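Me: I would like a close look at one part of this model, with the rest brought in where it helps. Please take the aromatic pair as the part to examine.

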Amino acid sequence: MILALVIWGCFAFLLLADYGPEYGDRPLCHGPLVGPASRDRRCTDDALHQWPAMMAVLALAVIITVTAAATTVYAKVLHRLTHRETPGAKPQG
């Protein structure tokens with residue numbers, strides 16, 4: 001679950017953080033969800049901030065999240081099955 005949270009954080013960072021060379025006091029390129037897309041070549045050359053790479057990070061985050069959720073549910077079901085009382089047994093207590 002921690003790995004899933006880290007990857008979701010990385011995905012959010014890629015979508016929201018400004019990047020690229022400094023232009024005055026701010027980076028030249030805006031994150032895809034923050035501001036208008038810059039047409040500067042230096043912004044389009046960064047492969048990690050392009051949509052195909054971000055969709056790959058999103059797919060990885062979804063796969064790991066679903067796996068973590070399924071593992072958690074499976075562990076809880078197994079725990080309940082092993083601690084279930086059998087019919088006719090005396091209650092513990």
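Reply: Of the 93 residues of this protein, 18% count as buried. The model is a predicted one, and the pair is best placed by starting from the whole chain.

The protein holds three helices and two strands, and from the N terminus on these elements run α-β-β-α-α. The radius of gyration is 23 Å, whereas a compact globule of 93 residues would have one near 12 Å. Along the principal axes, the C-alpha trace spans about 75 × 25 × 15 Å. The accessible surface comes to about 7300 Å², and carbon and sulfur atoms account for 67% of that area. Among contacts between residues at least 6 apart in sequence, 38% join residues at least 24 apart. As for charge, the mean positions of the 8 positive and 7 negative charges are 19 Å apart.

Now the part itself. The count of aromatic pairs comes to one. Its members are Trp-8 and Phe-11, with ring centres 6.2 Å apart and planes at 80°, so the pair is edge-to-face; the angle required for that label is over 60 degrees. Both residues lie in helix 1, which covers residues 2-16, and they are three residues apart, about one turn of the helix.

The two rings belong to residues of unlike exposure. Trp-8 has 35% relative accessibility and therefore counts as partly exposed. Phe-11, at 10% relative accessibility, counts as buried, because the cut-off for buried is under 20%.

What does Ala-61 touch, leaving aside its neighbours within four places in sequence? Ala-61 is in contact with Ile-7 and with Trp-8, one of the two members of the pair. Ala-61 has its place in helix 3, and its relative accessible area is 0%, so Ala-61 is buried. The other member of the pair, Phe-11, is 50 residues from Ala-61 along the chain, yet their C-alpha atoms are separated by 8.1 Å.

Two further residues of helix 3 show other degrees of exposure. Ala-59 lies in helix 3 and is partly exposed, with a relative accessible area of 37%. Ile-63 is found in helix 3 too, which runs over residues 51-82, and at 53% relative accessibility Ile-63 counts as exposed. Distances from these two residues can be set beside the one from Ala-61 to Phe-11. Ala-59 and Lys-76 are 17 residues apart in sequence and 26 Å apart in space, C-alpha to C-alpha. Ile-63 and Leu-48 are 15 residues apart along the chain, with 19 Å between their C-alpha atoms.

The end of helix 1 also has a partner elsewhere in the chain. Gly-31 sits in the loop between strand 2 (26-29) and helix 2 (41-44). Not counting residues up to four places away in sequence, Gly-31 touches Leu-15, Leu-16, Ala-17 and Asp-18. With a relative accessible area of 0%, Gly-31 is buried. Its C-alpha atom is 7.8 Å from that of His-49, a residue 18 places away along the chain.

To draw this together: the pair is edge-to-face and lies within helix 1, and its Trp-8 is in contact with Ala-61, a buried residue of helix 3.

Methods
Residues numbered from 1 in each chain as written. Predicted model: local features only at pLDDT ≥ 70, side-chain atom pairs only at ≥ 80, totals over all residues. Heavy atoms only, no water. Helix = DSSP H or I, 4+ residues; strand = E, 2+ residues; numbered from the N terminus. Rg over C-alpha atoms; globule rule 2.2 N^0.38 Å. Buried < 20%, exposed > 50% of the residue type's maximum accessible area, 1.4 Å probe, protein only. Contact = heavy atoms within 4.5 Å. Areas by Shrake-Rupley, 256 points an atom, 1.4 Å probe, with all protein chains shown as cover. Lys, Arg positive; Asp, Glu negative; His and termini not counted. Charge placed at Lys NZ, Arg CZ, Asp CG, Glu CD. Phe/Tyr/Trp six-rings, centres within 6.5 Å; stacked < 30°, edge-to-face > 60°.
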